[in-house]
Amino acid sequence: MKIRTLKSTLFYFWLTAFGFLFANPLGIVGVALGEPAHFLRFGVHVSEMGNLDPHFAAGSQDRALADMVFNGLLRYQPGNAPVIEPDLAEAIPHFKMVDDHQVWTVKLRKGVWFHAGPGVAAHELTADDVVFSLQKSADPDFCAYAGEYAGLTVMAVDRYTVRITLDRPLSAILFLPKLTNYAGGFIVSRKAIKTMGYQGFKKHPIGTGPFFFEDYKPGQNLVLKAHQRYFRGRPLLAGVEFSFIPEVDQREAGLNAGTLDVIMGSGEKGWLEKMAAQPGVLIDTHGVGEVATLYLNTCQKPLDDIRVRRAIAFALNRQAFLDTVSDQLAGEVYSPVPDPFLPGGISKADAEKLFLFYRNDLERARQLMRAAGYANGFALDLVTSEKRLYRVYYEEMRRQLARIDIRCHISVVSHSKMHALIRQTALPMVIYVAWRPNADAYLSRFFHSNAIIITGARPDTNFSHYRNIDPLIEAARIEIDPKRQIQLWEQAQIRILDDMAAYPIMYTKQCYARRAGVKYGHTLVSTMALYPQFTERTCLQSVP
């Protein structure tokens with residue numbers, strides 16, 4: 001069955017935003033120093049970090065740390081993703097075809113310095129660091145995103161030049177994000193890891209970013225200090241202190257009392273309005289729109305029966321999920337690739353036309369349960385994060401599925417422990433909240449058989465243990481014609497939804513509150529790092 005492709009206007013907007021429009025590509029501007037610098041106090045919503053290695057950054061606290069401590073060859077423009085601009089590279093690379101292989105050549109900036117660390121002096125970035133980093137990113141033992149970096153051969157041409165040869169050609173839409181400050185694109189120090197050992201690096205990360213790692217006390221705080229030799233200019237802040245405060249009312253109290261400068265907010269209804277009324281407090285809501293999706297284990301009883309999976313889909317009510325969150329922060333989504341943001345997604349109208357909408361229908365759900373032999377239902381043991389939004393999703397799902405006698409027993413663990421458990425244990429269902437930069441990243445990491453957790457060739461986040469669309473994913477990945485590429489992505493999702501391997505719940509934007517004296521130094525529209533981004537230009541100003 002064939003559906004329309006996305007409107008050409010959306011596609012061309014995506015190409016433009018994706019990096020073919022960028023200003024001041026070198027961006028090396030000195031920062032004038034004014035008032036004495038201060039630490040920015042950042043209240044985060046978890047009790048501990050997940051992983052200090054940027055190639056394993058998953059939770060928003062880990063992504064924020066990686067964003068401040070490391071760089072990519074390219075970067076998403078601060079506050080304005082998905083626009084791409086050069087970072088450690090001098091310019092956006094272009095490819096040439098050499099002996100039937102696609103070759104991308106990257107020229108590095110000179111005079112970029114890694115931070116100092118235990119037993120490691122500050123040292124200059126070279127091509128060897130880039131080769132080491134991208135090879136590390138392709139190794140599943142050392143990167144959670146290894147599947148994205150398979151098929152790349154990386155070599156140093158000289159001290160400041162890197163050549164990347166692809167086994168199969170990729171469109172710029174799919175290749176350039178691999179080099180950005182996201183997922184496996186962060187550049188690490190070869191010297192630091194060789195000197196300190198990998199375990200040492202995981203305890204004391206060393207990058208080239210505007211802030212360097214100083215100290216970490218789980219359950220208390222993490223401290224970063226300004227990198228005085230940062231290539232874009234000396235930071236205006238003295239540093240950033242993460243305070244681990246899982247309870248939003250405690251973060252709120254700290255912001256109102258002036259002991260915190262920026263806090264992770266809450267999507268709970270009424271919270272934004274309440275905080276916006278506080279004197280000296282500003283609210284920021286921004287993209288990207290992280291998609292919450294329910295992944296159903298297609299290989300584990302009783303969910304290995306498609307009738308049970310479809311019964312679950314018909315039992316769920318998207319509007320009830322949306323009602324748990326402020327309407328300023330949430331929106332509808334009907335395919336694993338979010339149609340409002342990315343080419344290759346499926347709209348509400350298309351889902352209805354293709355009978356893949358799964359409108360809430362309890363009677364039909366009960367009929368399917370009876371037909372599958374589960375008239376009396378069954379119990380499921382599930383795991384969720386301490387984060388409020390995850391807890392809300394799971395509690396709402398438990399309430400809804402109880403209506404068809406599916407009894408969900410939910411264990412609440414720390415956010416970092418949840419990330420570990422859902423990758424190490426074949427659970428019947430997993431709700432996962434994520435943003436990925438393109439349709440291939442969503443489909444490859446959540447639905448390709450190589451990405452099946454535990455048993456896949458490159459285990460990643462295929463919690464559904466799904467393997468029915470590998471040929472579509474692979475064909476789309478090497479397709480250079482954008483229209484055909486989008487059609488293949490759409491066809492893959494039609495199959496996912498028809499098999500009910502995943503149920504898209506909704507998307508949510510990011511929500512932060514700050515003291516009026518906090519100036520980010522950039523406009524705030526959308527960030528891949530999932531927080532407002534603190535850069536060398538971020539500062540604290542006195543407010544009368």
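The legends below describe close-up views of a predicted model.

**View 1. The open four-stranded sheet and its edges.** In this predicted model, four strands form an open sheet in the order β4-β5-β9-β8, and their pairing is antiparallel. Strands β4 (residues 95-98) and β8 (residues 152-158) lie at the edges, each of them pairing on one side only. From one strand to the next, the twist averages 30 degrees.

**View 2. The pairing of β8 with β9, and the helix that packs on the sheet.** Strand β8 pairs with β9 (residues 161-166) in the antiparallel sense, and six bridges join the two strands. Within this pairing, V154 has I164 of β9 as its bridge partner. Helix α3, which spans residues 127-137, packs on the sheet and touches both β8 and β9, while its direction makes about 170 degrees with that of β8.

**View 3. The centre of the largest pocket.** The largest pocket of the model holds about 560 Å³ of space. It is lined by 36 residues, and those closest to its centre are H45, M264, K387, R388 and L389.

**View 4. The lining of the largest pocket, by element and by class.** Two or more lining residues come from each of the helices α2 (60-69), α7 (248-257), α13 (388-401) and α14 (415-424), and likewise from each of the strands β18 (429-434) and β19 (502-515). When the lining residues are sorted by class, 16 are nonpolar, 10 are polar and 10 are charged.

Terms used:
Residues are numbered from 1 along each chain as its sequence is written. This is a predicted model: local features need pLDDT of at least 70, side-chain atom pairs count only at pLDDT 80 or more; totals for chains, interfaces and linings use all residues. Side-chain values use heavy atoms; hydrogens and water are left out. Two strands pair if DSSP finds at least two bridges between them. Axes are lines fitted to C-alpha atoms, for helices over the stretch in contact, and angles run from 0 to 180 degrees between N-to-C directions. Contact means heavy atoms within 4.5 Å. On a 1 Å grid over the protein atoms alone, a cavity is a set of points where a 1.4 Å probe fits but cannot get out, and a pocket is an open set with protein on both sides within 12 Å along at least five of seven lines; lining residues have an atom within 4 Å of a point. Grid points are joined across faces, edges and corners, and a volume is the space filled by probe spheres set on the points. Ala, Val, Leu, Ile, Met, Phe, Trp, Tyr, Cys and Pro count as nonpolar, Asp, Glu, Lys and Arg as charged, and the others, Gly among them, as polar.
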